Amino acid sequence: MYNKAALISAILAVAEARFGQEQTPVADIQALGNFGNPGEAATLSGQVPGVLLGAADPCNKLTLADQIVSTLGNDPQVIAAAQNLVAAEQNFNPFAVNVPNICGDASLPATEELRGIVPLIDPAVTGSDVENANSASSLQSPFDATGLSVADVMITQGFSNFTVNGAAAGGNANNGNNNNNNNNNNNNNGNNNNNNNNNNGNNNNGNNGNNSNGNNNNNSGNGNAATTTSVTCGKSKATSTTAATAATSTAASNNNNNNNNNAGSGNTNNGGASAQAGAGAVTDAVAGNFPGFQESSLGLDFGTCTPTVKFEESLNGRKPGEFTFQAQDPVINKGQQEALNPNIIFNRICDQLSNVCGAADDAVAACEQAQSDLGSGPKDETTANAWNEALGFAGTDLNPDNAPQDGLVGHT
């Protein structure tokens, strides 16, 4: 009996020691008190234990690392602390599971200096020696993470003994249900799930017989394409499943005969580009101002959103003289904090265009290309202007809120 109790005590002591080791990033972030506004470093460090719990979504750790940089700046000390969080070992209970859980979202972390770093894992996991050596190496020289999630990078470097959580945006990680049924008796059984926070209440019904149920459903009449995500060996793989259109239908009739029934606005005919307005003009002393939906001069269909950015001083209580990037459209910037790093905001815009705004594929591709070209650009107004121009919004006012203003947060 004594031996059994002693064994249990020893096991618990080891587990407690492991958890204490996994909390080391807290001190690194607490030490950043000289950066950002008073109290911000302490608040961020207080969030670390929660994202390192065994049951936590592994993508939350990466999101917090991005937030540390966007809030406290890109000083080398800040970057180093955020990198250590990315590499931190998430708490692990070998009595409950036998492999760790790794983030499969290729958009995270969004901060370039944090990409290509892989995490430590519990020594009890088979193959941990390989992964832990890779983790130490990645802090010194990050691996190539172009288009890859942390899970993908780990597999590429020879370790795949884990499960994946948080598929990249555009896969099954989106929430909501758009159930599309074709009148030609071909049923598309895949669920195209979109996390739609656009409170426009628009239901757009195409003439090709596609009925979509949701808060903001857009039927383009183009054969009812839906994208699903499968995960194999810890790696997400996007596959496209397209329901066939009726034999008597032509591409022209599928793409040009969509009637959009916008609540309260009558019926408009969609000739291929989105004619529906997204958010209307907004004037708000806290959330900021927005001139209203605009169409791209390049003919790109960004759905219900306008993908412009602003570059303003002292948003959300930041110190005088500190300028940050933020999306202008309230549908895109909802819940997104302003950022010193433009790539964080560019990434948010491209994600929202795909997941919320119903943008066309070529418009999303244009956004992603602009992010690739400008995401690491100068952290000043030239990058903001170049972004707006690249997407067909040259001459956009970069300071619609007339910042700085007391109490101005700059997003919804």
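The following exercises, each with a worked solution, concern the cores, a helix, a strand and the salt bridges of this predicted model.

The model is predicted, so that local features need pLDDT of at least 70 and side-chain atom pairs count only at pLDDT 80 or more, while totals for chains, interfaces and linings use all residues. Residues are numbered from 1 along each chain as its sequence is written, and side-chain values use heavy atoms, with hydrogens and water left out.

**Exercise 1. The largest nonpolar core**

Task: Determine which residues of the largest nonpolar core touch the most other members, and which helices and strands each supply at least two residues of this core.

Solution: Begin with the terms. A nonpolar core is a set of buried Ala, Val, Leu, Ile, Met, Phe, Trp, Tyr and Cys residues joined through side-chain atoms within 4.5 Å; buried means under 20% relative accessible area, exposed over 50%, and partly exposed in between, with a 1.4 Å probe and protein chains only. The largest such core has 41 residues, of which Ile29, Leu32, Ile68, Leu72 and Leu85 touch the most other members. Next, take the secondary structure, where helices (H or I, at least four residues) and strands (E, at least two) are DSSP runs numbered from the N terminus. Helix 2 (25–30), helix 3 (40–45), helix 4 (48–51), helix 5 (58–72), helix 6 (76–87), strand 1 (101–103) and helix 8 (150–156) each supply at least two residues of this core. Another core, of 31 residues, lies apart from it and includes Leu300, Ile349, Ala359 and Trp387.

Finally, look at Ile68: when residues up to four places away in sequence are not counted, Ile68 touches Ile29, Leu32, Leu44, Gly73, Val78, Ala82 and Leu85, where contact means heavy atoms within 4.5 Å.

**Exercise 2. Helix 5 and its ends**

Task: Establish whether helix 5 is largely enclosed or open by listing its buried residues, and describe what caps its N-terminal end.

Solution: First check the length. The expected span of a helix is 1.5 Å times one less than its number of residues; for the 15 residues of helix 5 this should be 21 Å, and the end C-alpha atoms are 22 Å apart, which agrees. Then turn to burial: Pro58, Cys59, Lys61, Leu62, Leu64, Ala65, Asp66, Ile68, Val69, Ser70, Thr71 and Leu72 are the buried residues of helix 5. Because 12 of its 15 residues are buried, helix 5 is largely enclosed by the rest of the structure. At the N-terminal end, Asp57 acts as the cap, with a side-chain oxygen 2.8 Å from the backbone nitrogen of Cys59. Just after the helix, Gly73 takes a positive phi of about 100 degrees.

**Exercise 3. Phe35**

Task: Locate Phe35, and find the residues with which Phe35 is in contact beyond its neighbours within four places in sequence.

Solution: Phe35 lies in the loop between helix 2 and helix 3, and its relative accessible area of 18% makes it buried. Leaving aside the neighbours within four places, Phe35 is in contact with Leu72, Asp75, Gln77 and Val78. The C-alpha atoms of Phe35 and Thr71 are 8.6 Å apart in space, although the two residues are 36 residues apart in sequence.

**Exercise 4. Strand 8 and the salt bridges**

Task: Work out how strand 8 is covered on its two faces, how many salt bridges there are, and which residues form a network of them.

Solution: Start with strand 8, where Val309, Phe311 and Glu313 on one side and Lys310 and Glu312 on the other are all buried, which covers both faces. Strand 8 and strand 9 pair in the antiparallel sense over five bridges, pairing being assigned if DSSP finds at least two bridges between two strands, and Lys310 stands opposite Gln326 in strand 9.

A salt bridge is a side-chain nitrogen of Lys or Arg within 4 Å of a carboxyl oxygen of Asp or Glu, and by this rule the count comes to three. In one of them, the side chains of Lys310 and Asp401 meet at 2.8 Å, N to O; this pair links distant parts of the chain, 91 residues apart, with Asp401 in the segment after helix 13. Lys310 counts as buried at 1% relative accessibility, and Asp401 counts as buried at 6%.

The side chain of Arg318 meets that of Glu322 at 3.0 Å and that of Glu338 at 2.9 Å. Arg318, Glu322 and Glu338 are thus linked in a network of salt bridges.

Definitions and conventions
Polar contact = N/O pair within 3.5 Å; in protein donor to acceptor, adjacent residues only side chain to side chain.
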